Amino acid sequence: MGEFSLSHRVVLAPLTRMRSFGKAPQPHAILYYSQRATKGGLLITESTAVSDTAIGYPNVPGIWTKEQVEAWKPIVDAVHEKGGIFFCQIWHTGRVSNYSFQPNGQAPISCTDKQLPPQPSQDGISKDEFSPPRRLRTDEIPQIVKDFRLATKNAMEAGFDGVEIHGANGYLIEQFMKDQVNDRTDEYGGSVENRCRLALEIVEAVANEIGANRVGIRLSPFTTFNDSVDSNPEALGIYMAEALNKYGVCYCHVIEPRMVTIENKLVIPQSLLPMRNAFKGTFIAADGYNREDGNRAIADNYADLIAFGRLFLANPDLPRRFELDAALNKYNRRTFYTPDPVIGYTDYPFFESTS
């Protein structure tokens with residue numbers, strides 16, 4: 001993976017776990033991440049806020065203060081002690097927020113002032129309500145880029161090997177990128193080049209700060225999460241893949257298109273292959289893979305690495321279980337986002353203790 005040598009192709013996907021109290025990661029995260037670390041294995045942190053305006057969920061970590069940097073250090077050290085490679089996913093939720101998470105109860109910021117309708121909450125049971133956002137002025141956008149650059153600098157101070165820019169899942173960067181959200185008429189709206197301008201300015205700033213070989217980005221042009229839709233997702237994805245080549249970033253991490261039912265059959269209407277072929281660096285595919293699907297994707301040269309979320313969450317030794325084709329622990333969806341520092345977090349058994 002660029003200058004990094006990996007021992008296997010199983011990646012820990014970025015997983016929001018809502019156990020970071022006071023906007024800082026907690027000591028229980030040391031065990032959580034180190035359990036999932038392997039020599040030469042790539043781990044990506046949970047989404048980590050770049051500023052005090054970037055938060056949209058409870059109990060998520062940030063990396064814009066000294067205290068947050070210090071809290072991340074022992075977590076990074078624990079992963080490195082096991083030989084893991086650790087990237088910090090840096091994130092701004094944009095309009096996926098409400099007044100209660102914002103400094104002084106202000107409006108969330110976005111590319112638009114269109115309010116996000118209520119969405120299924122992280123627990124999948126209730127609905128999350130979002131406050132009307134405030135459209136960023138053109139002259140305010142450079143501050144967003146600076147926030148990502150500072151978060152990147154802080155991530156390196158904490159000891160991370162690199163950063164993953166969160167440009168997916170309907171958060172701020174993707175709000176700018178997708179034409180059904182972005183209704184701007186300045187140089188950040190309209191054409192695909194304009195809508196991708198913020199994403200690429202952030203890529204450039206982050207790459208200038210730490211070197212492009214330590215920068216990844218996550219994209220989801222085909223998904224509609226958080227009501228973030230584009231009229232031509234394949235063109236958007238290919239444009240971004242080709243634009244990223246100019247910066248020489250380490251990897252592009254893309255979420256698979258959702259399966260849909262056509263004539264009573266589940267099919268994937270679009271493929272990541274055009275993006276994979278357009279991008280020159282390491283290509284990571286994610287979303288719903290199992291061992292067999294992942295092996296097939298690698299064999300078919302569809303991706304270089306596969307990111308696993310729910311399976312890795314429930315199986316801290318997932319690479320070893322895949323190697324042995326061993327049985328997997330079942331995940332418990334009800335404990336994905338509970339604030340408990342142990343239950344559903346660090347208490348999933350390893351393979352040895354189940355045999």
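This passage looks at one strand and its neighbours, at a pair of helices, and at two loop residues with an unusual backbone angle.

The model described here is predicted. A good place to begin is strand 15, which covers residues 305–308. Its side chains take turns: L305 and A307 point one way from the strand, while I306 and F308 point the other way. This fits a familiar rule, since in a regular strand the side chains alternate between the two faces of the sheet. In strand 15, the residues on both sides are buried, and this holds for all four of L305, I306, A307 and F308.

Strand 15 also has pairing partners. Strand 1 (residues 10–12) pairs with strand 15 in the parallel sense, over 3 bridges. Strand 14 (residues 282–286) likewise runs parallel to strand 15, and 3 bridges join these two strands. Residue I306 is a handy landmark for following both pairings. In strand 1, V10 stands opposite I306, and in strand 14, A285 has I306 as its bridge partner. The link between strand 14 and strand 15 involves helix 9 (residues 291–299), and together the three elements make a right-handed β-α-β unit.

Attention now turns to two helices. Helix 1 spans residues 28–35 and helix 2 spans residues 66–81. Their axes come within 8 Å and cross at roughly 25 degrees. Angles under 35 degrees count as roughly parallel, and helix 1 and helix 2 are therefore roughly parallel to each other. The crossing of helix 1 past helix 2 is right-handed. Where the helices meet, helix 1 contributes A29, I30, Y33 and S34. On the other side of this contact, helix 2 contributes W72, P74, I75, A78 and V79.

Two loop residues complete the picture. Most residues other than glycine have a negative phi, which makes a positive value worth a second look in the two cases below. K23 is not a glycine, yet its phi is positive, at about 65 degrees. K23 lies in the loop between strand 1 and helix 1. With a relative accessibility of 40%, K23 counts as partly exposed.

The second case is N104, also a residue other than glycine, with a positive phi near 60 degrees. N104 sits in the loop between strand 4 (85–91) and strand 5 (109–110). Is N104 buried or exposed? Its relative accessible area is 82%, so N104 is exposed.

How values were computed
Residues are numbered from 1 along each chain as its sequence is written. This is a predicted model: local features need pLDDT of at least 70, side-chain atom pairs count only at pLDDT 80 or more; totals for chains, interfaces and linings use all residues. Side-chain values use heavy atoms; hydrogens and water are left out. Buried means under 20% relative accessible area, exposed over 50%, partly exposed in between (1.4 Å probe, protein chains only). Two strands pair if DSSP finds at least two bridges between them. A crossover is right-handed if, with the strands pointing away from the viewer, the path from the first strand over the helix to the second runs clockwise. Axes are lines fitted to C-alpha atoms, for helices over the stretch in contact, and angles run from 0 to 180 degrees between N-to-C directions. Angles under 35 degrees count as roughly parallel, over 145 as roughly antiparallel, 65 to 115 as roughly perpendicular and the rest as oblique. A crossing is left-handed if the near helix is turned anticlockwise from the far one by less than a right angle, and right-handed if clockwise. Contact means heavy atoms within 4.5 Å.
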